[in-house]
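Thanks for coming. I will take a few minutes to walk through one structure, so please have it open on your screens.

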Amino acid sequence: MAQNTPSGYAERIDVRDTLQAAPLGAYHFKLAILLALILLFDGYDLYNAAYIVHDVASLWHMSPSQIGVLLSCGLAGFAAGSAVSGLFSDRIGRRRVLLTGIWLAGLFSLAIALFAHDLTTFIALRFVMGISLGLLMPVAVTYINEIAPKRSANVFTIVFFTCGWIGGATASGFIAAWLIPQYGWQSMYFVGALSVVLALVLQFVLPESVSFLASRGHQDAVRAQLTRLWPARAAEFANAVFTSPDAGVKAGSVAALFSGAFRRQTLCFWAMGALSLFSSYGLSGWLPTIMLKRGENLSTSFAYGSLLVFASAFGSLICGVVADRIGNRRLAMSLAWLAGAAAIGVLAVATGGKVTFLGIIVAGMFVIGTQTVLNNLVAVSYPTEIRSTAVGLYLGIARVGAMCGPAIAGVLQQATGGAGAMFVVLGAALVSAAALVFLVARPESLPKAPAFGH
């Protein structure tokens, strides 16, 4: 591993401990804003397909099962992109993967708006666009967790995720209600194509993750970034050698995820992620259409879809705060998923009015919202060298559940003639995740990789 270690420096500073102890400052928020903007488009693009169903279903003569495929094709691409994002990120850096993903996502969004005139073409372009989007979330989640100070990690990462991904997903419903009636469904993808402007800006202002730089022994680059993150210690950083205690695991090693230290964690995370996103996307993908079938108008149905995602921000914060207060993230997540399952049960029998409104809020808070806390738990449960690989593969497998959610929901509705069976299956998936979380060890009890030698 290349190291640029000046021989005259005596003091050694642990980069991970320094990042965890640093006070939140302006540079933390600058990086968080850049990452949030990336996830803003990621959330918007992943959810916008749910709002074009009303227009394209009759235009392309689609059955419920075909609608399920339309909703799932982007998620299938996302799963593939997520699975490889971490492998590349742990080898070539967080920055390069993020830039590649945001450029390609914008270009393929534009291609859909211009060239997707039938279901087959839409599925092909949406799948490739999904691969591009899949590069973004795992790496952004890894990056933000690498710079988050320990004492405010949950709140800091959840707020950034809320402002970014959840903000974009929420906005998609309101933008759809405003644009589609006037300009058609293609307008949603012209808006998504604006991410190329963000990509151009990021090309000049997004730095590499300091943890990744430290794992590669780039002393000068680490010194520069730590000085920005913690200016009060600039003089100390100027005369120091930086160590990366997580080093010693081969970068991007998939085999390490299945070593004795991490095997059970890895399998449990994969199962919980798949079950959680199966419910989240099965519900969010079909909710606007189900509300239309129950007699709601187009604007109200789209608003319900946005409300579901918007409420998840509050659920994430509640779950994160409770986890910090009681010191047991697993219990907090389990209770949240059980509350989400109960809300799905309410939506299965509700026929409208305040009960439906309340059910959507609670479902958004704990069906979708708990996922953010799970993402953060995964990110802090592995060493730097395999962290992005672990998060990427976890989200890739989880997105298989997300992909199956809308598709299986469509098949169930077509087979049973209603949404009742769909709600039962989605709720059962959350109950299963609530039980599995207790098989995961707490991050502080996990073994650490060998120290970085100098």
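Let me start with a question: which side chains meet in a salt bridge at 2.7 Å, N to O? They are those of Asp-90 and Arg-94. Before going further, I should say that this is a predicted model, and the values I quote are computed from it.

Asp-90 and Arg-94 are both buried. The pair also belongs to something wider, since Asp-90, Arg-94, Glu-146 and Arg-387 are linked in a network of salt bridges.

Now look at Ser-388. Where does Ser-388 sit? Its place is in helix 20, which covers residues 384-416. Ser-388 has a relative accessible area of 0%, so it counts as buried. Setting aside neighbours within four places in sequence, Ser-388 is in contact with Asp-90 and Arg-94, and also with Ser-85, Gly-86, Ser-89, Val-139 and Thr-142. That brings us back to the salt bridge I opened with: its two residues are among the contacts of Ser-388.

How many salt bridges does a search of the whole structure find? The number is six. I will pick out two others.

One joins Asp-220 to Arg-223, with the closest N and O atoms 3.0 Å apart. Both residues lie in helix 12, residues 219-229, and they are three residues apart, about one turn of the helix. Is Asp-220 buried or exposed? Asp-220 is exposed, because its relative accessible area is 54% and the cut-off for exposed is over 50%. Arg-223 has a relative accessible area of 12% and is therefore buried.

The other joins Glu-236 to Arg-233, where the closest N and O atoms are 2.8 Å apart. Glu-236 counts as partly exposed, at 26% relative accessibility. Arg-233 is at 18%, so it counts as buried; the limit for buried is under 20%.

Next, the surface. Ten names follow, so you may want to highlight them. Phe-310, Phe-314, Ile-318, Val-322, Ile-326, Leu-331, Leu-335, Leu-338, Val-431 and Phe-438 form a nonpolar patch there. Together they have about 850 Å² of accessible area. Which helices each supply at least two residues of this patch? Helix 16, residues 298-326, and helix 17, residues 329-349, do so. The largest share comes from helix 16, with five residues. Val-322 is a patch member that lies in helix 16. With a relative accessible area of 35%, Val-322 is partly exposed.

From the surface we go to the empty space inside. The structure holds four cavities of 30 Å³ or more. What is the volume of the largest cavity? It is about 90 Å³. Its lining is made up of 13 residues, and those nearest its centre are Phe-161, Trp-165, Leu-277, Ile-368 and Gln-371. Helix 8 (153-183), helix 15 (263-293) and helix 19 (370-379) each supply at least two residues of that lining.

One last residue is His-61. Its phi is near 55°, a positive value in a residue other than glycine. His-61 is placed in the loop between helix 3 (53-59) and helix 4 (64-92). At 68% relative accessibility, His-61 counts as exposed.

To close, keep two places in mind as you turn the model: the buried pair Asp-90 and Arg-94, and the nonpolar patch to which helix 16 gives the largest share. That is what I had.

How values were computed
Residues are numbered from 1 along each chain as its sequence is written. This is a predicted model: local features need pLDDT of at least 70, side-chain atom pairs count only at pLDDT 80 or more; totals for chains, interfaces and linings use all residues. Side-chain values use heavy atoms; hydrogens and water are left out. Patches are made of residues with over 30% relative accessible area and no salt bridge: like charges are joined within 9 Å, nonpolar side chains (Val, Leu, Ile, Met, Phe, Trp, Tyr) within 5 Å. Accessible areas come from the Shrake-Rupley method with a 1.4 Å probe; for residues, only the protein chains shown count as cover. A salt bridge is a side-chain nitrogen of Lys or Arg within 4 Å of a carboxyl oxygen of Asp or Glu. Helices (H or I, at least four residues) and strands (E, at least two) are DSSP runs, numbered from the N terminus. Buried means under 20% relative accessible area, exposed over 50%, partly exposed in between (1.4 Å probe, protein chains only). Contact means heavy atoms within 4.5 Å. On a 1 Å grid over the protein atoms alone, a cavity is a set of points where a 1.4 Å probe fits but cannot get out, and a pocket is an open set with protein on both sides within 12 Å along at least five of seven lines; lining residues have an atom within 4 Å of a point. Grid points are joined across faces, edges and corners, and a volume is the space filled by probe spheres set on the points.
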